[in-house]
Amino acid sequence: IGSFPPPGHTLRKIGVDTLVLCAMELQPESNAFPGIRVIHAPLDDAEMDKRTERIASNAAKQVACEILAGKRVLATCAQGRNRSGLVCALALHMLTGASGRRCREAVQAKRDGALTNGNFVRHLDSLMASNQQVAR
């Protein structure tokens, strides 16, 4: 999880394979990050509506698949706290089947100040543990 990265070759040089752009207002073209797979997930952090849920869930599925394929993924938003945190917690939920609350807490433990958006927290905390995970 991180804040919006500088365009160019920096991410590739540090070993990032996949970049997830979660900030609605920060959606440059994929070619701004040469050699990187870019997932566009334009999220608004004002509310957790059906559109936000769909975009975040779709991005999280792609993140989970990238991780299972051995890729290094960086999820970003403006500050690297809420929108990218939501996608990461959802991906963790999909990968492990752990409850949304446990996944939220895991993200918060690794990223200081992450997931303070009450709407995102309520959504994550409503996700029950599951035996259904992304296919390995």
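**Exercise 1. The sheet**

Task: In which order do the four strands of the open sheet stand, and which strands stand at the edges?

Solution: In this predicted model, the open sheet has four strands in the order 1-4-2-3, and the pairing is parallel. Strand 1 and strand 3 (37–43) each have a single partner strand, so they stand at the edges and one side of each lacks a neighbour in the sheet.

**Exercise 2. The partners of strand 4**

Task: How many bridges join strand 4 to strand 1, and how many to strand 2?

Solution: Begin with strand 1 (residues 2–3), which runs parallel to strand 4 and is joined to strand 4 by two bridges. Here Ser 3 stands opposite Cys 77. Next take strand 2 (residues 18–23), which pairs with strand 4 over four bridges, also in the parallel sense. In this pair, Leu 21 is opposite Thr 76.

**Exercise 3. Cover on strand 4**

Task: How many residues of strand 4 are buried?

Solution: Strand 4 covers residues 73–77, which makes five residues. Buried means under 20% relative accessible area. Four of the five are buried, so strand 4 is mostly covered.

**Exercise 4. Helices on the sheet**

Task: Which strands does helix 2 touch, and which does helix 3 lie across?

Solution: Helix 2 (residues 50–68) packs on the sheet and touches strand 2, strand 3 and strand 4. Its direction makes about 160 degrees with that of strand 3. Helix 3 (residues 83–96) lies across strand 1, strand 2, strand 3 and strand 4. Relative to strand 4, helix 3 runs at about 145 degrees.

Key
Residues are numbered from 1 along each chain as its sequence is written. This is a predicted model: local features need pLDDT of at least 70, side-chain atom pairs count only at pLDDT 80 or more; totals for chains, interfaces and linings use all residues. Side-chain values use heavy atoms; hydrogens and water are left out. Buried means under 20% relative accessible area, exposed over 50%, partly exposed in between (1.4 Å probe, protein chains only). Two strands pair if DSSP finds at least two bridges between them. Contact means heavy atoms within 4.5 Å. Axes are lines fitted to C-alpha atoms, for helices over the stretch in contact, and angles run from 0 to 180 degrees between N-to-C directions.
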